[in-house]
Amino acid sequence: MGSEKEGLSTAESLRKTRTYGQFRCHNPSCMGRLQPQPGVNHVKCPACGMEFRVAWIKPNFPRIRGPVWDVNQKLAEEAFERKMKEEKRDGVK
Amino acid sequence: MALNRKIAYIDLSTGKIEIKPIPLNIRRKFLGGRGLDAYLLYNHTEKGCDPLGPKNTLMVSGGILTATLASATARTHVMAKSPLGGMIGSANMGGFFAPELAWAGFHHLVIKGKADRPVYLWINNGKIEIRDARHLWGKTTTETQWAIREELGDDDIKCMVIGPAGENLVRFANVMTGIKNSGGRTGMGAVMGSKNLKAIAARGTMDIKIAHPKEALEYNKRFIDQITSAKVNQTQGTLGTPFIWGATNSWGGVRCRNFQYNQELYCDEIEPEAIDEVCTETIGPYHMAGCFACQVHCRAKYRIPTGPYAGAYDEGPEYTSQGAFCGEPDCRSMETLLTGNHLVDQWGMDNLETGSLISWAMELYELGILTDKETDGLDLRFGNDEALLEMVRRICFREGWLGDTLAEGGIIASERIGKDSFNYLIQVKGVSNLHSDERATPALALNVATASRGSDHLRSRPAIDLYHLPEEVLRKIYSTPVPYNGPLSSEHTEYIGKPWQVFWQENCYMAVDCLGICKYHTVFLGATLPNFEDWPKVLYYNTGLEFTPREIWDIAERCNMIERLFNLREGLTREDLVRGDMLNHRYFDEPTRRGAPDVVGRVIDREKFRKMIDEFYEYKGLDRNGVPKPETLKRLGLEDEPSHLL
């Protein structure tokens with residue numbers, strides 16, 4: 001067909017960017033790549049300190065099941081308090 | 001071939017049925033599905049018509065690729081003027097109905113008027129019959145489908161139906177096909193109910209000739225490999241869509257207690273793995289199902305394990321049900337989630353709208369704006385599972401003052417409730433926001449504010465904005481097929497570059513909806529899934545029509561613009577809180593309190609938000625008021641609309 005572009009499409013060419021066996025930290029500004037050891041059910045992000053419970057889609061395919069609530073809630077409360085103080089001092093950003 | 005599928009005009013008032021071919025020049029301008037439906041709606045609906053009156057026109061369609069050898073072409077699209085927001089009504093569902101309709105000879109139905117008694121349409125191999133449905137009135141969605149199959153003696157008949165909510169003109173009643181496939185948003189079930197149209201049944205054995213079958217099959221293998229190798233789709237195929245809600249809740253991106261919080265805490269019981277365990281226990285290890293021609297298989301099958309509905313079979317729950325029956329009302333029970341999901345499926349109600357409105361009422365109750373008088377004694381505090389499910393029932397059957405009031409949708413309900421109830425209603429264009437909280441994500445906030453059918457994630461959401469993809473990856477995606485040299489940012493809290501991403505996604509999703517493909521097969525949740533460059537091949541091999549990626553983009557832009565024209569005709573005004581591209585004040589005034597450290601304390605900056613809208617309008621070729629410039633209409637070939645060509 002006349003309009004067909006030869007070779008890989010953009011989507012196909014980006015396939016090499018996929019990272020199997022890893023997941024990203026759920027802190028959106030961190031998004032550090034975490035690679036849990038096979039079978040573990042808990043991981044801590046070395047970059048931001050958030051902790052997560054881990055589940056396994058397949059033996060080599062981990063995913064975050066959910067937060068470690070107590071730890072991450074404490075981080076959230078501290079961050080909120082800090083930001084509100086900053087806002088009071090510097091105004092809304 | 002796919003292009004010989006017809007369009008049928010059905011007048012339920014007179015019983016007249018007219019069948020026409022779809023001209024090739026119309027196909028080249030609008031393809032099919034949602035895009036062509038938008039053209040038909042704009043041409044066949046009078047300005048200001050009553051959405052629940054006989055002059056509203058209901059469109060039902062498949063995409064141009066529906067029932068061909070292309071993957072995941074299961075989607076059925078339904079469109080009319082919305083009884084919920086008074087703007088464009090549009091809903092899209094998976095399952096098997098649209099392919100069956102195509103095999104029966106039709107890609108598009110245009111349904112006008114109102115029958116003098118309950119009826120259903122029976123569409124079989126090129127013929128359409130209007131049949132009595134009085135014996136079906138009052139039945140649930142699944143009862144109706146099985147009754148029709150029994151009556152017509154064919155278990156392979158596929159139906160799209162309404163339940164009691166549609167009959168009762170609940171303004172957010174949905175249309176259903178199968179067990180759980182729901183055209184949920186904007187009240188298309190109420191439009192069917194207003195026409196006394198209980199169901200459309202289809203069965204077809206008419207061949208669809210594929211233009212280049214060998215190449216179509218070969219290319220589809222490549223397509224399938226790209227789809228199924230993506231991590232996001234492997235996760236969907238294991239856990240279904242609840243993983244999306246789970247991941248979003250984990251970082252603090254879901255609504256909780258209406259809009260007070262952005263995360264539901266300690267909700268382990270409704271996490272996707274927990275749901276998976278219940279599905280495995282009640283159905284067995286192979287409990288995932290798929291729609292027509294789909295390899296992802298994101299539909300979980302389950303039975304409710306406990307409670308008054310124990311043993312009842314259903315599918316899902318979708319992530320939207322987690323938001324509706326867990327996050328927003330802050331209920332954390334698996335039984336409530338599965339039961340709520342089952343009730344809205346059976347009764348035919350939009351889960352999102354139902355859960356959102358009840359959660360809104362819960363906040364009003366806790367604030368004292370609603371009292372026991374309005375709730376008829378129901379303790380409507382957050383976290384009350386029994387009250388939540390009871391309100392679902394009352395809304396469906398319009399029982400009690402509050403049930404009847406909420407059945408009218410948020411805008412009318414806020415007028416009835418009065419006080420400052422409207423200030424707590426989280427909606428855009430009269431449609432409640434889904435379960436996500438966009439205060440930390442300006443791109444997503446822009447998406448829900450400007451979506452054509454009201455607050456919505458499936459019209460223009462750049463969900464991959466949350467993945468922190470490297471800028472070069474973003475540029476590669478968002479610079480095709482139209483060059484883009486402006487800024488792009490990997491930072492989800494940023495405002496720069498986001499209007500272009502939303503504009504690109506708007507065209508991407510429209511193209512998918514015209515083709516008839518599921519959004520899990522494009523750049524929605526996965527950056528590496530097919531998009532504009534991949535579709536010309538699928539189109540050519542299956543239909544013989546040649547398009548460049550840029551031409552498909554142009555079609556999508558045209559179709560989005562005709563939706564905009566419809567909304568403008570119905571009163572869209574840029575900053576109007578009911579009929580505009582504007583968000584509730586809480587987005588700007590109340591900071592987020594939960595979630596990841598960089599998510600807490602966030603609001604949307606009003607001025608930056610306005611600038612994003614300005615920029616978004618520029619990309620679309622709109623003026624500062626959101627009205628298309630004459631040169632834009634000319635460029636898109638819409639200067640003569642409504643043209644009444646079809």
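In this predicted model, B:Asp11 stands opposite B:Lys112 of strand β6(B), and this pair makes a handy doorway into chain B. The two strands concerned are β1 (residues 6–11) and β6 (residues 106–112) of chain B, which run parallel and are joined by six bridges. Both belong to an open sheet of six strands, whose order is β2-β1-β6-β3-β4-β5 (chain B) and whose pairing is mixed. At its edges are β2 (17–20) and β5 (88–93) of chain B, each of which pairs on one side only. From one strand to the next, this sheet has an average twist of 15°.

Stepping back from the sheet, chain B as a whole contains 25 helices and 17 strands. Its radius of gyration is 23 Å, close to the 26 Å that the globule rule gives for 646 residues, so chain B is as compact as a globular protein of that length. The C-alpha trace of chain B spans about 60 × 60 × 50 Å along its principal axes. Of the 646 residues in chain B, 65% are buried. Among the contacts in chain B with a separation of 6 or more, 70% are between residues 24 or more positions apart.

The interior can be followed through its nonpolar cores. The largest of them has 199 residues, and the members that touch the most others are B:Tyr120, B:Ala201 and B:Ala361. Helix α20 (residues 498–515) of chain B provides the largest share of this core, with eleven residues. Around B:Ala361, once neighbours within four places in sequence are left aside, the contacts are B:Leu370, B:Leu380, B:Leu402 and B:Leu406. Another core, of 24 residues, lies apart from the largest one; its members include A:Cys30 and A:Met50 as well as B:Leu239 and B:Val600.

Helix packing offers a further view of chain B. Two packed helices are described by the angle between their axes and the distance between the axes. For helix α2 (residues 33–44) and helix α22 (residues 549–569) of chain B, the axes come within 9 Å and cross at roughly 35°. The crossing of α2(B) past α22(B) is left-handed. On the α2(B) side, the contact is made by B:Arg34, B:Gly35, B:Ala38, B:Tyr39, B:Leu41 and B:Tyr42. From α22(B) come B:Ile555, B:Cys559, B:Ile562, B:Glu563, B:Leu565 and B:Phe566.

Chain A has a sheet to explore too. Here three strands form an open sheet in the order β3-β4-β5 (chain A), with antiparallel pairing. Strands β3 (42–44) and β5 (61–67) of chain A stand at the edges with a single partner strand each, so one side of each is left without a neighbour in the sheet. The twist in this sheet averages 45° from one strand to the next. Strand β4 (residues 51–58) of chain A runs antiparallel to β5(A), and six bridges join the two. One of the pairings can be picked out by name: A:Phe52 has A:Pro67 in β5(A) as its bridge partner.

Strands β4 and β5 of chain A also appear where the two chains meet. The contact between the chains takes 38 residues from chain A and 44 residues from chain B. On the side of chain A that touches chain B, at least two residues are supplied by each of α1 (10–13), β4, β5 and α2 (69–90) of chain A. The most comes from α2(A), which gives eight residues to that side.

Definitions and conventions. Residues are numbered from 1 along each chain as its sequence is written. Chains are lettered from A and ligands numbered from 1 in the order in which they are written. This is a predicted model: local features need pLDDT of at least 70, side-chain atom pairs count only at pLDDT 80 or more; totals for chains, interfaces and linings use all residues. Helices (H or I, at least four residues) and strands (E, at least two) are DSSP runs, numbered from the N terminus. The radius of gyration is taken over C-alpha atoms; the globule rule is 2.2 Å times the number of residues to the power 0.38. A residue is buried if 20 or more other C-beta atoms lie within 10 Å of its own, exposed if 12 or fewer, and partly exposed in between; C-beta atoms are placed from the backbone. Two residues are in contact if their C-beta atoms, placed from the backbone, lie within 7 Å. Two strands pair if DSSP finds at least two bridges between them. Axes are lines fitted to C-alpha atoms, for helices over the stretch in contact, and angles run from 0 to 180 degrees between N-to-C directions. A nonpolar core is a set of buried Ala, Val, Leu, Ile, Met, Phe, Trp, Tyr and Cys residues joined through C-beta atoms within 7 Å. A crossing is left-handed if the near helix is turned anticlockwise from the far one by less than a right angle, and right-handed if clockwise.
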